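Please read the following explanation with the sequence and the model in view. It goes from one local feature to the helices around it and ends with the annotated spans.

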Amino acid sequence: TIPYIGQMLVMWIWGGFSINNATLNRFFSLHFILPFMMLMMIILHLYFLHVTGSSNPLGTNSNLNKIPFHIYFSYKDMLGFTMFLFIFTMFILQYPYIFGDPDNFIPANPMVTPIHIQPEWYFLFAYAILRSIPNKLGGVMALLGSILILYTLPLQPLKISAMSFYPLTQLLYWIFINNFIMLTWAGAQMIETPYIQISQILSVTYFLFFITLPLINSLWNFLLDLK
């Protein structure tokens, strides 16, 4: 679907003219490395969170009320991590298939495409956006955009770093959360009427949120300046 280089990119990713062992090895290696990369990012996030602190509902500086992280919070974190590890280990060892999809137990057949393909639940919103666009390239671009556009949220023009003083933004936020949940639901449905039309409407409102959010924030900043 990408002009000029599309077929070359597909062959480069596959490692050949079709999906083969090289393709499986590449994607297996990627899935093996990604958790370690995510773990590194989580450690960095926790480090900067503990060094600089987090925001508060009023958006004020709370450095005067700080207490040492160790031993007050390190023991609490260790307790929470131990409880999580215990529950996680119990599910892995005792109930390994409780969250699995029954379709995973059907033997793979390269000659038959499954009727209802869907990703894990946390990617269903992006999958709903992908399949709501008839054009293949447009759907892929919309899918990538739906994830990358989330990184624009910290760049919003807020005079006060607290949502408590932006009631319209709070309303818009909860509308977005409901839209996100409905997109997740739509992504798990069959590709048929009316789910296709519902996904298209929800996809438009999903991106409209990121267009209207800076406008609403700028308007509210203007009203705050008038006061």
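P194 lies in the loop between α6 and α7, the latter helix comprising residues 195-226. In this predicted model, the peptide bond that joins T193 and P194 is cis, with omega at about 5 degrees.

On one side of that loop is helix α6, which runs over residues 167-187. Its 21 residues reach 30 Å from the first C-alpha to the last, close to the 30 Å expected at 1.5 Å a residue. The buried residues of α6 are T169, L172, F176, N179, L183, T184, A186 and G187. Viewed down the axis of α6, these buried residues fall within an arc of 155 degrees, so they line one face of the helix. The other side of α6 carries L171, W174 and I181, which are exposed. For these assignments, a residue is buried under 20% relative accessible area and exposed over 50%.

Helix α6 also has a packing partner in α4. The axes of α4 and α6 are 7 Å apart, and the two helices pack at an angle of about 70 degrees. Angles of 65 to 115 degrees count as roughly perpendicular; α4 and α6 are therefore roughly perpendicular to each other. The crossing in which α4 passes α6 is left-handed.

One residue of α4 deserves attention here. F125 is placed in helix α4, and it is buried, with a relative accessible area of 5%. Although F125 and F180 are 55 residues apart in sequence, their C-alpha atoms are 6.6 Å apart in space.

Helix α4, residues 124-131, packs in addition with helix α5, residues 136-148. Here the angle is about 150 degrees and the axes lie 8 Å apart. Since angles over 145 degrees count as roughly antiparallel, this makes α4 roughly antiparallel to α5. The crossing of α4 and α5 is right-handed, whereas that of α4 and α6 is left-handed.

Helix α3 offers another residue to consider. F81 is found in this helix, which covers residues 74-94. How accessible is F81, buried or exposed? With a relative accessibility of 54%, F81 counts as exposed, because the cut-off for that class is over 50%. From I5, F81 is separated by 76 residues in sequence and by 47 Å in space, C-alpha to C-alpha.

The record adds a further layer to this description. An unreviewed UniProt entry annotates residues 27-49, 78-99, 137-156, 171-191 and 203-223 as "transmembrane region". How do two of these spans appear in the model? Residues 78-99 are 77% helix and 0% strand, and their end C-alpha atoms lie 27 Å apart. The span of residues 203-223 is 100% helix and 0% strand, with 31 Å between its end C-alpha atoms.

Note on methods:
Residues are numbered from 1 along each chain as its sequence is written. This is a predicted model: local features need pLDDT of at least 70, side-chain atom pairs count only at pLDDT 80 or more; totals for chains, interfaces and linings use all residues. Side-chain values use heavy atoms; hydrogens and water are left out. Helices (H or I, at least four residues) and strands (E, at least two) are DSSP runs, numbered from the N terminus. The expected span of a helix is 1.5 Å times one less than its number of residues. Buried means under 20% relative accessible area, exposed over 50%, partly exposed in between (1.4 Å probe, protein chains only). The arc is that of the directions from the helix axis to the C-beta atoms. UniProt positions are given in the numbering used here, feature names are shortened, and annotations may be inferred rather than shown by experiment. Axes are lines fitted to C-alpha atoms, for helices over the stretch in contact, and angles run from 0 to 180 degrees between N-to-C directions. Angles under 35 degrees count as roughly parallel, over 145 as roughly antiparallel, 65 to 115 as roughly perpendicular and the rest as oblique. A crossing is left-handed if the near helix is turned anticlockwise from the far one by less than a right angle, and right-handed if clockwise.
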